[in-house]
Amino acid sequence: MTTYIADTGVFVRCGGPDNEKYQRLRRAVRQAGVSLLVPRRVYEELGGDPDDEAYPSSNSRWQEGVEEGWIQIADELDYTNSRVSRVMDAARRFIANDTDRPEDTIEKTDTALIGLVAQLFDTGQASSVVLLTTDKPAGRAAESLLPSHGFTNDVEYRYASVEFLETITADEFND
């Protein structure tokens with residue numbers, strides 16, 4: 001089964017629960033019977049606090065999706081896992097080179113996306129991952145780096161353009 005991971009930009013481009021793109025994404029994911037897994041850093045960027053059991057949704061307009069189950073918050077990344085940390089370090093370098101920016105300016109959320117994929121593969125929690133992202137360098141890094149770090153699992157990134165989100169259907173989530 002394929003695991004779908006989404007970055008912050010996907011949700012930002014949807015515009016929120018009152019927007020048609022949001023409703024289209026919600027319908028497509030639910031009709032396909034899958035969920036979008038988000039790293040904790042993504043959820044935090046969206047205004048949620050996954051560690052606040054009393055008020056995890058206080059600032060996140062995406063909490064409705066979490067409560068409905070079509071958005072799931074991933075477990076914390078295991079930075080002590082050398083395979084995960086090596087992939088994240090390589091991703092930071094890859095994105096910096098790809099965008100001609102200093103490594104220390106690369107968003108930690110970008111490397112967390114790729115680290116989550118590595119962790120899911122390393123722990124056997126996923127055999128195939130589709131990364132939905134608005135960040136082309138992060139998508140290219142995932143497709144390039146994971147195989148070069150010994151992960152033979154299938155990884156694919158799909159660029160979540162405005163047009164993609166305006167036309168998304170459950171077919172996008174069928175294996």
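**Exercise 1. Classify Arg92 as buried, partly exposed or exposed in this predicted model, and find which residue its side chain meets in a salt bridge.**

Solution. Begin with the accessibility: Arg92 has a relative accessible area of 26%, and since buried means under 20% and exposed over 50%, Arg92 counts as partly exposed. Next, look for the partner, which is Glu103, with 3.7 Å from N to O in the salt bridge between the two side chains. Because Glu103 lies in the loop between α5 and α6 while Arg92 lies in helix α5, the pair ties together parts that are 11 residues apart in sequence. Finally, apply the accessibility step to the partner: Glu103, at 34% relative accessibility, is partly exposed.

**Exercise 2. Work out which parts of the chain are tied together by the salt bridge of Arg158 and Glu172, and how each of the two residues is classified by accessibility.**

Solution. The side chains of Arg158 and Glu172 meet at 4.0 Å, N to O. Arg158 belongs to strand β5 and Glu172 to the segment after α8 (162–167), so this pair connects parts that are 14 residues apart in sequence. For the accessibility, Arg158 is buried, with a relative accessible area of 17%, whereas Glu172 is partly exposed at 28%. Salt bridges with shared partners also join Arg26, Arg30 and Glu68 into one network. Another salt bridge links Arg27 to Glu20, whose closest N and O atoms are 2.9 Å apart; here Arg27 is partly exposed at 37% relative accessibility, and Glu20 is partly exposed at 45%. The count of salt bridges comes to 10.

**Exercise 3. Describe helix α7 by its length, its ends and its buried residues.**

Solution. Start with the length: α7 covers residues 136–148, which makes 13 residues, and its span from first to last C-alpha is 19 Å, close to the 18 Å expected at 1.5 Å a residue. At the N-terminal end, Asp135 acts as the cap, with a side-chain oxygen 3.0 Å from the backbone nitrogen of Ala138. At the other end, α7 is followed by Gly150, which has a positive phi near 90 degrees. Turning to burial, the buried residues of α7 are Pro137, Ala138, Gly139, Ala141, Ala142, Leu145 and Leu146. The elements covering these buried residues include α5 (82–99), α6 (108–122), β4 (128–133) and β5 (154–159).

**Exercise 4. Decide how far α6 is enclosed by the rest of the structure, and say what comes just after this helix.**

Solution. In α6, 13 of the 15 residues are buried, so the helix is largely enclosed by the rest of the structure. The span of α6 from first to last C-alpha is 20 Å, close to the 21 Å expected at 1.5 Å a residue. Just after α6 comes Gly124, with a positive phi of about 75 degrees.

**Exercise 5. Place strand β1 among its neighbours, and find what stands opposite Ile5 in β2.**

Solution. First consider burial: 5 of the 5 residues of β1 (residues 2–6) are buried, so the strand is largely enclosed by the rest of the structure. In a regular strand the side chains alternate between the two faces of the sheet. In β1, Thr2, Tyr4 and Ala6 point one way, while Thr3 and Ile5 point the other way. Then consider the pairing: β1 is parallel to β4 over 5 bridges, and 2 bridges join β1 to the parallel strand β2 (residues 36–38). Ile5 has Leu131 as its bridge partner in β4, and Leu37 stands opposite Ile5 in β2.

Definitions and conventions. Residues numbered from 1 in each chain as written. Predicted model: local features only at pLDDT ≥ 70, side-chain atom pairs only at ≥ 80, totals over all residues. Heavy atoms only, no water. Helix = DSSP H or I, 4+ residues; strand = E, 2+ residues; numbered from the N terminus. Expected span 1.5 Å × (residues − 1). Buried < 20%, exposed > 50% of the residue type's maximum accessible area, 1.4 Å probe, protein only. Contact = heavy atoms within 4.5 Å. Polar contact = N/O pair within 3.5 Å; in protein donor to acceptor, adjacent residues only side chain to side chain. Pairing = 2+ DSSP bridges.
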